[in-house]
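Dear colleague,

I am passing on the structure we spoke about, and I would be glad if you kept it open while reading the notes underneath.

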Amino acid sequence: MERGLKEKRSYSVYRKELWLAIAVYIVLLMGAIRLARPMDDSILRTALLVSPMIGFGLMIRAIVRHVARIDEYQRLRMLESFSIAMAITGAVTFTYGFLETAGFPKVSMFSVWIVMGASWALVCGARALRDR
Amino acid sequence: MHNIIRQLRADQGWSQAHLADLLDVSRQTVNALETGRYDPSLPLAFSIARLFSRPIEEIFQPDQESA
């Protein structure tokens with residue numbers, strides 16, 4: 001069903017802010033890889049290597065502003081979905097931790113991000129289907 | 001809580017999206033209110049009452065009277 005005008009505008013602003021932040025992150029990351037990696041150890045190199053986090057900071061800003069813009073019901077739904085997704089993430093990562101002890105291959109900690117995102121998408125999708 | 005928001009909206013000939021704009025909430029929220037899946041906060045309940053020019057207790061009624 002169609003969103004209201006104010007809601008559309010709110011989501012449009014969020015998308016713009018988030019994609020701008022992602023773009024800043026990617027540009028700074030490329031710069032850090034090209035410029036900082038070959039440099040000798042120095043404060044400048046450290047600063048350049050950590051500079052992509054400026055983009056990450058902008059992402060946090062976009063999310064905080066979006067959460068402040070959405071209404072009370074959306075905020076409640078988001079909190080509920082996030083709580084369930086985090087519980088699933090915990091269960092999956094703990095299970096895999098035990099499986100690693102049982103001999104399964106070691107997986108990078110970055111995979112937690114993927115599990116977190118997948119759990120979040122799964123919960124949101126399941127709840128959307130249930131509410132139909 | 002039971003409410004008559006859907007009926008009041010229909011009387012005005014408004015869509016859920018239009019009512020959402022008037023209340024400054026999402027269409028999803030209006031849908032949740034109308035289907036009884038969500039009870040609004042007091043400020044939102046007052047906004048709804050003001051918009052339809054009705055007292056809150058005329059729009060929202062408890063499912064069961066409690067003591």
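Below are the findings, taken in turn from the cores, one helix, the contact between the chains and a single residue.

Please bear in mind throughout that this is a predicted model.

I begin with the largest nonpolar core, which has 19 residues, and in which Ile5(B), Ile48(B) and Ile59(B) touch the most other members. At least two residues of this core come from each of α1 (5–12), α2 (16–23), α3 (27–34) and α4 (42–51) of chain B, and the largest share, four residues, is supplied by α4(B). If residues up to four places away in sequence are set aside, Ile5(B) is in contact with Leu19(B), Leu33(B), Glu34(B), Ile48(B), Ile59(B) and Phe60(B). Another core, of five residues, lies apart from this one, and among its members are Leu18(A), Ala21(A), Met59(A) and Ala62(A).

Helix α3 of chain A (residues 53–69) may be worth your attention next. Its 17 residues, at 1.5 Å a residue, should span 24 Å, and this agrees with its end C-alpha atoms, which are 24 Å apart. Which residues of α3(A) are buried? They are Gly55(A), Met59(A), Ala62(A) and His66(A), and because these buried residues fall within an arc of 60° when seen down the axis of α3(A), they line one face of the helix. As general background, an α-helix has 3.6 residues a turn, so residues three or four places apart point the same way. The buried residues of α3(A) pack against α1 (5–36) and α4 (72–101) of chain A, whereas Ile54(A), Val64(A) and Ala68(A), on the other side of α3(A), are exposed.

Turning to the two chains together, the contact takes 14 residues from chain A and 15 residues from chain B. Between them the chains bury about 1300 Å², with 49% of that on carbon and sulfur atoms. On the side of chain A, Lys6(A), Glu72(A) and Tyr73(A) lose the most area to chain B, and together they account for 43% of what that side buries. The count of salt bridges between chain A and chain B is zero.

Lastly, Ile88(A) has its place in helix α4 of chain A, and at 28% relative accessibility Ile88(A) counts as partly exposed, since buried means under 20% and exposed over 50%. Ile88(A) touches Ser119(A) and Val123(A), again not counting residues up to four places away in sequence, and the C-alpha atoms of Ile88(A) and Met116(A), 28 residues apart in sequence, are 8.1 Å apart in space.

With best regards

Note on methods. Residues numbered from 1 in each chain as written. Chains lettered and ligands numbered in written order. Predicted model: local features only at pLDDT ≥ 70, side-chain atom pairs only at ≥ 80, totals over all residues. Heavy atoms only, no water. Core = buried A, V, L, I, M, F, W, Y, C linked by side-chain atoms within 4.5 Å. Buried < 20%, exposed > 50% of the residue type's maximum accessible area, 1.4 Å probe, protein only. Contact = heavy atoms within 4.5 Å. Expected span 1.5 Å × (residues − 1). Arc of directions from axis to C-beta. Buried area = accessible area lost by both parts, 1.4 Å probe. Salt bridge = Lys/Arg side-chain N within 4 Å of Asp/Glu carboxyl O.
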